[in-house]
Amino acid sequence: MKINSKDYHEDGNKPLLSIDGIPEMLASEAKPFMYLMMQYRCAIMEVETKLKVLDAEFAQKYNRNPFESIKTRLKKPISIYEKMKRKGYPVTVENIETHLADVAGIRVICSFPDDIYHLADLLTNQDDITLLERKDYIRNPKPNGYRSLHLILQVPIFLSDVKKNMKVEVQFRTIAMDFWASLEHKLKYKKNVEDAEGLVAQLKQCADAIEDLDYQMQGIRDKIDEAKE
Ligand code: 0O2
């Protein structure tokens, strides 16, 4: 079984600000904050393991892999701080847990759109997982062309003295959608790009072409699979 599991950070260029640098999270909150981050890391491990189990089963049963790779990330303190401020909440450990759903993030990259929905169903049907929110940007893309399926899941982690439910954001994309999102993200965070508006329009065209390509490739795969039977 070959699983390419690595970290992703959309906020990769931001400095890894220590929590000492965040006024509202000074000394008294530092320890609980680190403890909360540890819990999110555990939640990521739980969901990642579930996905790897499904991958192992698929490989054995159907001789194929339901996804190409998994990337995980824990949101950086500076991004947590900025998002809390943006949402207008005081930056406390309790508020972070209550109001942010994407501190723990997993990105699952699939080959075909139907693998995305199949995998999302298999995951959300597991009896220890609760689906809190589902945003389908594949069937309803964002105006800029962004496509992905986002799930906010609640998953239990088992600590030494307590079972705790944690929120994890899982983003499902095809390889082509991921390729697009990486490039679009670069444009979003680069200042002084020449003809940025033109590039936004070109990216939208690329998103439309990618949608077409994803479904064409899926159709070809279906025909190949039918022929085998
Ligand atoms: P990072 O660094 O990935 O954490 P909500 O969280 O519900 O309050 P939000 O953040 O708008 O509102 O949620 P949404 O729309 O589900 O998007 C969350 C994440 O999806 C983003 O995380 C990106 O990773 C990705 N995303 C959404 N829209 C776009 C887009 O137009 N282009 C690209 N490249 N990615 C997108 P963050 O919070 O931006 O950052």
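A polar side-chain atom of Tyr137 lies 2.8 Å from an oxygen atom of the ligand, in what is a predicted model. Taken alone, the ligand exposes 760 Å², and the protein buries 79% of that area. Tyr137 sits in the loop between β4 and β5, and the notes below go from the ligand to that loop, then to the strands and helices around it, and last to the chain as a whole.

**The ligand and its shell**

- Besides Tyr137, two lysines offer polar side-chain atoms to the ligand: Lys135 places one 2.8 Å from a ligand oxygen atom, and for Lys87 the separation between a side-chain N or O atom and an oxygen atom of the ligand is 3.1 Å.
- The shell around the ligand holds 20 residues, of which Arg73, Lys75, Tyr137, Asn144 and Glu184 come nearest.
- Sorted by character, the residues of this shell comprise 13 charged, four polar and three nonpolar ones.
- Three elements, namely α2 (77-87), β6 (163-174) and α5, each supply at least two residues of the shell, and the largest share, four residues, comes from α5.

**The loop between β4 and β5**

- Tyr137 has a relative accessible area of 16%, and because residues under 20% count as buried, Tyr137 falls in the buried class.
- The C-alpha atom of Tyr137 is separated by 10.0 Å from that of Phe172, although the two residues are 35 residues apart along the chain.
- Ser148 belongs to the loop between β4 and β5 as well, and Ser148 is buried, with a relative accessible area of 0%.
- The side chain of Ser148 makes a polar contact, at 2.8 Å, with the side chain of Arg173.

**Strands β4, β5 and β6**

- Strand β5 (residues 149-158) is largely enclosed by the rest of the structure, because eight of its 10 residues are buried.
- On one side of the pairing scheme, β5 is joined by six bridges to strand β4 (residues 130-136), and these two strands run antiparallel; within this pair, Asp136 stands opposite Leu149 in β5.
- The pairing of β5 with β6 is likewise antiparallel and has 10 bridges, with Pro156 standing opposite Asn165 in β6.
- The connection from β5 to β6 is a hairpin, made through four residues.
- As a general point for reading such strands, side chains in a regular strand alternate between the two faces of the sheet.

**Helices α5 and α2**

- Helix α5 (residues 175-189) has 15 residues, which at 1.5 Å a residue should span 21 Å, and the distance of 22 Å between its end C-alpha atoms agrees with that expectation.
- The buried residues of α5 are Ala176, Met177, Asp178, Trp180, Ala181, Glu184, His185 and Leu187; Glu184 is also one of the residues that come nearest to the ligand.
- In α2, the buried residues are Pro77, Ile78, Ser79, Ile80, Tyr81, Lys83 and Met84.
- Gly88, just after α2, takes a positive phi of about 85 degrees.

**Backbone angles worth checking**

- Most residues other than glycine have a negative phi, which is the background for the next two entries.
- Asn63 has a positive phi near 60 degrees; Asn63 is found in the loop between α1 (27-62) and β2 (69-74), where it is exposed, with a relative accessible area of 71%.
- Asp195 has a positive phi near 50 degrees and lies in the loop between α5 and α6 (196-228); at 53% relative accessibility, Asp195 counts as exposed.

**The chain as a whole**

- The chain contains six helices and six strands, and in sequence order these follow the pattern β-α-β-α-α-β-α-β-β-β-α-α.
- Of the 229 residues in the chain, 44% are buried.

Notes:
Residues numbered from 1 in each chain as written. Predicted model: local features only at pLDDT ≥ 70, side-chain atom pairs only at ≥ 80, totals over all residues. Heavy atoms only, no water. Expected span 1.5 Å × (residues − 1). Buried < 20%, exposed > 50% of the residue type's maximum accessible area, 1.4 Å probe, protein only. Near = heavy atom within 4 Å. Polar contact = N/O pair within 3.5 Å; in protein donor to acceptor, adjacent residues only side chain to side chain. Areas by Shrake-Rupley, 256 points an atom, 1.4 Å probe, with all protein chains shown as cover. Nonpolar A, V, L, I, M, F, W, Y, C, P; charged D, E, K, R; others polar. Pairing = 2+ DSSP bridges.
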